[in-house]
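Good morning. Please have the sequence and the structure open while I talk.

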Amino acid sequence: MAQTSTDRLLRRTRLRLLATTLALLTLLVVGVGAATAVMGLAALDADVDRALEAAVGAQVAALDGELPSGEEDHEGSEDAPAGADTVILVLDAAGRELANRTGTTLTGLPSTAGLPTTVGGSDLRTLETTGGPVRVLTVAIGEEGRVEGFVQGGFDLDLHARQSHSLVLAILVVGLLALLAAAVIAVAVTGRALVPIREGFEAQRR
């Protein structure tokens, strides 16, 4: 009878210790996974903005404050970034398209939303279009403080969304594997932790 009571006590103790250990390991895995996801997604967002700023900045520098002539309308530029997910447009002061430096198009562009009102001013935003979300950067160009036009860059966020989804999915898979490993470790640790206690009960019983 004494041995049965001891076994029950040890079993309850082991279950409690296992639950506590597994809960702590789960919190650790979830915390690390969430932090990794947040930092990874933030890095992807920052990469999109940096690429857009570099492409628009290069076009602004190439124009040097002067709008292209009508002969250059809708022609691609050799220096423009390649890729169907990016478009670089030159707009007049009213926001009408004068030239397409990439030769590609994105739904919703050109956009007159948030056009800067000062030379060198910029506006960065995400537009929800019928073709999906588009990250848009618009920079005002001109001379002597007078806005004469804009360089507008757009980036299709469809690829970005797929990359974000893949990153989150990978983190979830790794997290589940880590939780499985944590469960195995918790079982092993709690089993070893109760060995001295069991031996103490056995010695006391004898």
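How many Å² does the protein expose, and what share of that do carbon and sulfur atoms supply? The protein exposes about 12200 Å², and carbon and sulfur atoms supply 60% of that area. Keep in mind that this is a predicted model, so all I have is computed values from it.

Let me begin with the overall layout. The protein has 3 helices and 5 strands. Read from the N terminus, the elements come in the order α-β-β-β-β-β-α-α. Of the 206 residues, 32% count as buried. Now take the contacts between residues at least 6 apart in sequence: 57% of these join residues at least 24 apart.

Next, the salt bridges. Side chains of opposite charge can pair when their charged atoms come close. The count here is 6 salt bridges, and I will go through some of them.

Start with Asp-47 and Arg-50. They form a salt bridge whose closest N and O atoms are 2.3 Å apart. Where do the two residues lie? Both are in helix α1, 3 residues apart, which is about one turn of the helix. Asp-47 counts as partly exposed, because its relative accessibility is 38%.

Now compare the setting of another pair, Arg-135 and Asp-49. Their side chains meet in a salt bridge at 2.8 Å, N to O. This pair links distant parts of the chain: Arg-135 is in strand β4, residues 132–143, while Asp-49 is in helix α1, and 86 residues separate them in sequence. Is Asp-49 buried or exposed? Asp-49 has 16% relative accessibility, so it counts as buried. The cut-off for buried is under 20%.

The next pair is Arg-125 with Asp-123. The closest N and O atoms of this salt bridge are 2.7 Å apart. Arg-125 is partly exposed, because its relative accessibility is 30%. Asp-123 has a relative accessibility of 16%, so it counts as buried.

On to charge at the surface. Which residues gather in a patch of positive charge? They are Arg-8, Arg-11, Arg-12 and Arg-16. Take Arg-8 as one of them. Arg-8 sits in helix α1, which covers residues 2–63. With 46% relative accessibility, Arg-8 counts as partly exposed.

There is also a patch of negative charge on the surface, made of Asp-64, Glu-66, Glu-143 and Glu-144. Glu-143 belongs to strand β4. Glu-143 has a relative accessible area of 38%, so it is partly exposed. Glu-144 is found in the loop between β4 and β5, the latter being residues 146–156. Why does Glu-144 count as exposed? Because its relative accessibility is 80%. The cut-off for exposed is over 50%.

Glu-144 is also worth a look for its backbone. Its phi is near 55°, a positive value in a residue other than glycine.

While we are on the backbone, find Leu-109 and Pro-110. A cis peptide bond joins these two residues, with omega at about 5°. Pro-110 is in the loop between β2, residues 97–100, and β3, residues 122–129.

Last, two glycines. Gly-57 is located in helix α1. Gly-57 counts as partly exposed, because its relative accessibility is 35%. Along the chain, Gly-57 and Val-151 are 94 residues apart, yet their C-alpha atoms are separated by 8.6 Å.

The other glycine, Gly-153, lies in strand β5. Is Gly-153 buried or exposed? The relative accessible area of Gly-153 is 0%, so it is buried. What is Gly-153 in contact with, leaving aside its neighbours within four places in sequence? The list is Leu-52, Val-56, Val-87, Ile-88, Arg-135, Val-136 and Leu-137. Arg-135 on that list is the residue we met earlier in the salt bridge with Asp-49. As for Val-134, its C-alpha atom is separated from that of Gly-153 by 9.8 Å, and the two residues are 19 apart along the chain.

To recap two items you can look up afterwards: the salt bridge between Arg-135 and Asp-49, and the cis peptide bond between Leu-109 and Pro-110. That is the end of my part.

Key: Residues are numbered from 1 along each chain as its sequence is written. This is a predicted model: local features need pLDDT of at least 70, side-chain atom pairs count only at pLDDT 80 or more; totals for chains, interfaces and linings use all residues. Side-chain values use heavy atoms; hydrogens and water are left out. Patches are made of residues with over 30% relative accessible area and no salt bridge: like charges are joined within 9 Å, nonpolar side chains (Val, Leu, Ile, Met, Phe, Trp, Tyr) within 5 Å. Accessible areas come from the Shrake-Rupley method with a 1.4 Å probe; for residues, only the protein chains shown count as cover. A salt bridge is a side-chain nitrogen of Lys or Arg within 4 Å of a carboxyl oxygen of Asp or Glu. Lys and Arg count as positive and Asp and Glu as negative; His and the chain ends are not counted. The place of a charge is taken as NZ of Lys, CZ of Arg, CG of Asp or CD of Glu. Helices (H or I, at least four residues) and strands (E, at least two) are DSSP runs, numbered from the N terminus. Buried means under 20% relative accessible area, exposed over 50%, partly exposed in between (1.4 Å probe, protein chains only). Contact means heavy atoms within 4.5 Å.
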